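Open the model in your viewer and keep the selection box handy. We will go stop by stop.

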Amino acid sequence: MKIVVLVKRVPDTETKVKVAGKSLDPAGVNYILNPYDEFAIEEAILLKEKHGGETIVMSVGNKDCTKEIRTALAMGVDAGVLLEAETNFCDAWSLAGAIAKKLADMKPDLVLLGKQAVDDDNTALGQYLAEKLGLPCVTVAVALEINGTKATAERQIEGGREKVEFSLPAVVTCQKGLNTPRYASMKGIMMAKKKTVEEVAVKLDAPKTRIASMELPPPRPEGRIVGEGPDAVPALITALRSEAKVI
Ligand SMILES: Cc1cc2nc3c(=O)[nH]c(=O)nc-3n(C[C@H](O)[C@H](O)[C@H](O)COP(=O)(O)OP(=O)(O)OC[C@H]3O[C@@H](n4cnc5c(N)ncnc54)[C@H](O)[C@@H]3O)c2cc1C
């Protein structure tokens with residue numbers, strides 16, 4: 001079975017981001033592997049351990065993304081592909097076009113990706129990709145079973161779980177709870193240095209959306225102490241009801 005995992009380099013969620021024009025200011029930002037992509041990587045490794053085959057990690061971006069590709073290789077993925085793109089504005093549609101072209105050549109049985117990227121939060125790439133490739137798409141998977149060319153997945157839905165059946169090849173977006181991602185071992189980190197990362201220059205399709213503006217939320221107003229002890233309760237209730245409007 002050939003499994004391709006898509007990973008994105010995102011700003012560390014601890015970073016205090018600044019906006020520059022219509023984008024994030026990359027200065028001083030520490031980048032990490034998108035946390036949901038760790039579930040996709042782990043699932044690919046677990047499926048290979050169970051069914052055999054090969055696992056390939058792929059990212060679209062500049063050469064800096066090699067760091068996140070190497071992280072996946074250190075966890076146990078076999079090989080990497082960097083689709084090197086110019087850093088002009090693009091959206092999930094543009095990315096899906098470039099990735100779909102490469103996947104059409106690679107012919108994977110399964111494409112795994114995170115359910116969303118924690119920076120842009122589009123939750124769109126998997127769906128666009130499946131549409132472009134004409135494949136079934138299962139989103140927010142919290143369980144996945146493969147049996148030959150048939151598969152079942154459980155999806156997290158409001159208040160419960162939904163079980164779906166589909167056939168391979170397919171695109172599955174991964175949610176927290178699917179597995180427990182492993183840490184890269186020292187051996188894995190050393191072995192990752194020897195694994196191949198294919199670099200392919202790609203031209204991204206024209207985007208279908210444009211960012212009109214971007215701004216940070218307004219600063220939160222300072223807290224206020226309305227009094228102390230039981231005597232303060234009436235004033236607190238009045239403030240919660242008429243000012244904060246939360247009760
Ligand atoms: C070259 C380049 C230039 C960009 N320029 C801009 C810009 O100028 N302004 C701006 O605001 N945004 C820019 N982006 C970000 C881009 O708009 C978003 O990455 C895109 O819209 C997808 O949305 P998302 O990341 O929220 O994906 P989601 O659909 O939320 O992500 C779901 C999953 O898709 C996979 N995925 C997402 N991105 C990638 C990737 N790059 N490679 C591999 N897998 C991926 C991950 O597995 C992720 O968990 C750029 C991205 C690239 C690669």
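The stops below run from the whole chain to single residues.

**Whole chain**

Start with everything shown. This is a predicted model. The protein has 247 residues, and 34% of them are buried. Color by secondary structure: there are 6 helices and 13 strands. Along the principal axes, the C-alpha atoms fill a box of roughly 70 × 40 × 40 Å. Contacts are mostly long in sequence terms: among those with a separation of 6 or more, 69% join residues 24 or more positions apart.

**Two domains**

Select 2–201 and color it as domain 1, then give 217–247 another color as domain 2. Taken over C-alpha atoms, the centres of domain 1 and domain 2 are 44 Å apart.

**Strand S6 and its partners**

Select residues 54–61, strand S6. Is S6 enclosed or open? Of its 8 residues, 6 are buried, so S6 is largely enclosed by the rest of the structure.

Add residues 2–6, strand S1: S1 and S6 pair in the parallel sense over 5 bridges. For one of the bridges, pick Lys2 and its partner in S6, Glu54.

Now add residues 79–84, strand S7. S6 and S7 are also parallel, with 6 bridges. Here Met58 has Val81 of S7 as its bridge partner. Trace the chain from S6 through helix H2 (residues 66–75) to S7: this β-α-β crossover is right-handed.

**Helix H2**

Stay on H2. It is mostly covered, with 8 of its 10 residues buried. Among the buried ones are Ile69, Ala72, Leu73 and Met75. Charged names appear in that list too, including Glu68 and Arg70. Step past the end of H2 to Gly76, where phi is positive, near 140 degrees.

**Helix H1**

Go back to residues 35–51, helix H1. Its 17 residues reach 25 Å from first C-alpha to last, close to the 24 Å expected at 1.5 Å a residue. Show side chains for its buried residues, including Tyr36, Phe39, Ala40, Ile41, Ala44, Ile45 and Leu47. Asp37, Glu38, Glu42 and Glu43 are buried as well. H1 is followed by Gly52, with a positive phi near 80 degrees.

**The nonpolar core**

Which residues touch the most other members of the largest nonpolar core? Select Val5, Val57, Val77, Leu112 and Val172: they do, in a core of 55 residues. H1 supplies the largest share of this core, 7 residues.

Center on Val77. Leaving out residues up to four places away in sequence, Val77 touches Val5, Ile41, Ala44, Ile45, Thr55, Ile56, Val57 and Ala72. Ile41, Ala44 and Ile45 are buried residues of H1, while Ala72 is a buried residue of H2.

**Pro108 and Pro169**

Select Pro108, in the loop between helix H3 (92–106) and strand S8 (110–114). Buried or exposed? Pro108 has 23 other C-beta atoms within 10 Å, so it is buried; the cut-off is 20 or more. Beyond four places in sequence, Pro108 touches Lys2, Ile3, Val4, Leu103 and Pro169. For a distance check, draw a line to Glu199: 91 residues apart in sequence, Pro108 and Glu199 are 18 Å apart, C-alpha to C-alpha.

Hop to the contact partner Pro169. Pro169 sits in the loop between strand S11 (160–167) and strand S12 (170–174). Check the peptide bond from Leu168 to Pro169: it is cis, with omega near 0 degrees.

**Lys132**

Select residues 125–133, helix H4, and pick Lys132. Lys132 counts as partly exposed because it has 18 C-beta neighbours inside 10 Å. Leaving aside neighbours within four places in sequence, Lys132 is in contact with Ala96, Gly97 and Ala100. Its C-alpha is 9.7 Å from that of Ile99, which is 33 residues away along the chain.

**Two positive phi angles**

Which way does phi point at Thr123, positive or negative? Thr123 has a positive phi of about 50 degrees, although it is not a glycine. Find Thr123 in the loop between S8 and H4. With 16 C-beta neighbours inside 10 Å, Thr123 is partly exposed.

Finish at Lys245, in the segment after helix H6 (233–243). Lys245 is not a glycine either, yet its phi is positive, about 55 degrees. Lys245 has 7 C-beta neighbours inside 10 Å, so it counts as exposed.

Conventions
Residues numbered from 1 in each chain as written. Buried ≥ 20, exposed ≤ 12 C-beta atoms within 10 Å, placed from the backbone. Helix = DSSP H or I, 4+ residues; strand = E, 2+ residues; numbered from the N terminus. Pairing = 2+ DSSP bridges. Right-handed = clockwise from strand over helix to strand, strands pointing away. Expected span 1.5 Å × (residues − 1). Core = buried A, V, L, I, M, F, W, Y, C linked by C-beta atoms within 7 Å. Contact = placed C-beta atoms within 7 Å. Domains from an automatic or database assignment.
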